[in-house]
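Here is a friendly walk through the charged surface and a covered strand of one protein chain. Take a look at the model first, and then read on.

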Amino acid sequence: MLKKIIVVCFIFAVSSMYVSSEAAEKPETGNQSAAELNTTIPVKMKYLLYLPENYDEKEKWPLVLFLHGAGERGDDLDLVTVHGPPKLVKNGKQFPFIVVSPQCPEDQLWQPVELTALLNDIEKKYKVDKDRIYVTGLSMGGFGTWSLAAYTPYRFAALVPICGGGEKFWVKKIKHVPIWVFHGGKDTAVPLERSQTLVDVLKKEKSDVKFTIYPEAGHDSWTETYNNPDIYEWLLQQVRKPEAEVKAAEEKEAAARKAKRAAARKKK
């Protein structure tokens, strides 16, 4: 008899928990209520990895993340070797840094959250100098370079976006990052103005930005760029600025703007 009572009580308790849980999850109709999403989104991404020949001889290495263009999307990694650093490595070029070249799935664009997950994983597995991580990309990858940097503005030491573009508010977040921009003067696929607009914002913010325009080049402004050894020498000279230092400068600028607005209101 006692066992039956215990079983009945247990069933009642479980049922009550289920009902109360179900009631808690059911939103109130005719009104709004607070809710929360807490989930894990899997990231699956193919990529090419290049480690320098003397990789084991040093404790840490600079890293270059290369983002390809729209034509290299898919599930065939060999497509990624058509342009940029992966092409040079395939042809025998040796670099004094790690090169990570992911592949974007067909019909998709570069997603900053996924690229961030990739970099986090690379940092765990390999000897990466976290103060010397650089991003470069062409066309769609140029857009991806701008957007990834804006998504994690304190992570990168320098950027080299080629024939890309983005939003003006993106670059205001990364005005402390050295950037060397490239574009073809006769580019009809991604007009020169897409880069020029962002460069103008950076110059107004007194950023460390360089802009190289190839007057006679069309959309392919990347071949000459990636064949230029000066690009890699410039990259390797750049070191990430401490986040605390950058944020302190940003807070100081914000305070100055606030004081200026207050002074303007008083004059009125």
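A helix here is a DSSP run of H or I with at least four residues, and helices are numbered from the N terminus. With that in hand, we can place Arg-265: this residue lies in helix α9. Please keep in mind that the model is predicted.

**The positive patch**

Which residues gather in a patch of positive charge on the surface? They are Lys-168, Lys-172, Lys-204, Arg-257, Lys-258, Arg-261, Arg-265 and Lys-268. Two helices, α5 (168-172) and α9 (243-267), each supply at least two residues of this positive patch. The most comes from α9, which gives 4 residues.

Arg-265 has a relative accessible area of 55%, and because exposed means over 50%, Arg-265 counts as exposed. Helix α9 also holds Lys-266, which is exposed at 76% relative accessibility. Between the C-alpha atoms of Lys-266 and Asp-78 there are 64 Å, and the two residues are 188 apart along the chain.

**The negative patch**

There is a negative surface patch too, formed by Asp-75, Asp-76, Glu-106 and Asp-107. Asp-107 sits in the loop between β3 (98-102) and α3 (112-125). With 66% relative accessibility, Asp-107 is exposed.

The charged residues discussed one by one in this report can be set side by side, including one from a strand that comes up next.

| Residue | Place | Relative accessible area |
|---|---|---|
| Arg-265 | helix α9 | 55%, exposed |
| Lys-266 | helix α9 | 76%, exposed |
| Asp-107 | loop between β3 and α3 | 66%, exposed |
| Arg-132 | strand β4 | 21%, partly exposed |

**Two paired strands**

Now let us turn to the strands. Is strand β5 mostly covered or mostly open? Strand β5 (residues 158-162) is mostly covered, with 5 of its 5 residues buried. In a regular strand, side chains alternate between the two faces of the sheet. In β5, Ala-158, Val-160 and Ile-162 point one way, while Leu-159 and Pro-161 point the other way, and all are buried.

The partner of β5 is strand β4 (residues 128-138), and the two pair in the parallel sense over 5 bridges. Opposite Val-160 in β5 stands Thr-136.

Arg-132 belongs to strand β4. Its relative accessible area is 21%, so Arg-132 is partly exposed. The C-alpha atoms of Arg-132 and Val-239 are separated by 5.4 Å, although the residues are 107 apart along the chain.

Note on methods. Residues are numbered from 1 along each chain as its sequence is written. This is a predicted model: local features need pLDDT of at least 70, side-chain atom pairs count only at pLDDT 80 or more; totals for chains, interfaces and linings use all residues. Side-chain values use heavy atoms; hydrogens and water are left out. Patches are made of residues with over 30% relative accessible area and no salt bridge: like charges are joined within 9 Å, nonpolar side chains (Val, Leu, Ile, Met, Phe, Trp, Tyr) within 5 Å. Accessible areas come from the Shrake-Rupley method with a 1.4 Å probe; for residues, only the protein chains shown count as cover. A salt bridge is a side-chain nitrogen of Lys or Arg within 4 Å of a carboxyl oxygen of Asp or Glu. Lys and Arg count as positive and Asp and Glu as negative; His and the chain ends are not counted. The place of a charge is taken as NZ of Lys, CZ of Arg, CG of Asp or CD of Glu. Buried means under 20% relative accessible area, exposed over 50%, partly exposed in between (1.4 Å probe, protein chains only). Two strands pair if DSSP finds at least two bridges between them.
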